[in-house]
Amino acid sequence: GTRIIYDRKFLLDRRNSPMAKTPPCHLPNIPGVTSPGEAGEEPKEDSNSQNHQEGKPSMGDDAQFEMDI
């Protein structure tokens, strides 16, 4: 197949085009995602996205993997 590669300057120039400012048609209506949310609506946290550590001290944001010494 043919691979199309766009450079950074080309993509940044397309950011200001009128077509980039309109949403695509046939999108489902999801409040807060594809349409603005209601004023009284608070964002809900996903229980899967929370960082659960079971009795382990926090090593900071930079620690990606645990290390057993």
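**A short helix and its surroundings in a predicted model**

Ile-4 counts as exposed, at 59% relative accessibility. I begin with this residue, in what is a predicted model, and shall work outward from it. Ile-4 sits in the segment before helix α1, which spans residues 8–14.

Which residues join Ile-4 in a nonpolar patch on the surface? They are Tyr-6, Phe-10 and Leu-11, and the four residues together have about 400 Å² of accessible area.

Two members of that patch deserve a closer look. Tyr-6 and Phe-10 form an aromatic pair, and a search of the whole structure finds 1 such pair. A pair of aromatic rings is described by the distance of the centres and the angle of the planes. For Tyr-6 and Phe-10, the centres are 5.3 Å apart and the planes stand at 10 degrees. The pair is stacked, because planes under 30 degrees apart count as such. As for their accessibility, Tyr-6 is partly exposed at 46%, and Phe-10 is partly exposed as well, at 31%.

Let me turn to the charged side chains. How many salt bridges does the structure hold? The number is 1. Side chains of opposite charge can pair when their charged atoms come close. Here the partners are Lys-9 and Asp-13, with 3.2 Å from N to O. Both residues belong to helix α1, where they are 4 residues apart, or about one turn of the helix. Are these two residues buried or exposed? Lys-9 is exposed, with a relative accessible area of 58%, whereas Asp-13 is partly exposed, at 39%.

Beyond the helix, I would draw your attention to His-26, which lies in the segment after α1. The phi angle of His-26 is near 65 degrees, a positive value in a residue other than glycine. With 79% relative accessibility, His-26 counts as exposed.

Finally, I come to the chain as a whole. The secondary structure amounts to 1 helix and 0 strands. Of the 69 residues in the protein chain, 0% are buried. The residues I have named fit that description: Tyr-6, for example, is partly exposed because its 46% falls between the limits of 20% and 50%. The chain exposes about 7,700 Å², and carbon and sulfur atoms supply 53% of that area.

To close, the points to keep in view are the stacked pair of Tyr-6 and Phe-10, the salt bridge between Lys-9 and Asp-13, and the nonpolar patch that includes Ile-4.

Key: Residues are numbered from 1 along each chain as its sequence is written. This is a predicted model: local features need pLDDT of at least 70, side-chain atom pairs count only at pLDDT 80 or more; totals for chains, interfaces and linings use all residues. Side-chain values use heavy atoms; hydrogens and water are left out. Rings of Phe, Tyr and Trp (its six-membered ring) pair if their centres lie within 6.5 Å; planes under 30 degrees apart count as stacked, over 60 as edge-to-face and the rest as tilted. Buried means under 20% relative accessible area, exposed over 50%, partly exposed in between (1.4 Å probe, protein chains only). Helices (H or I, at least four residues) and strands (E, at least two) are DSSP runs, numbered from the N terminus. Accessible areas come from the Shrake-Rupley method with a 1.4 Å probe; for residues, only the protein chains shown count as cover. Patches are made of residues with over 30% relative accessible area and no salt bridge: like charges are joined within 9 Å, nonpolar side chains (Val, Leu, Ile, Met, Phe, Trp, Tyr) within 5 Å.
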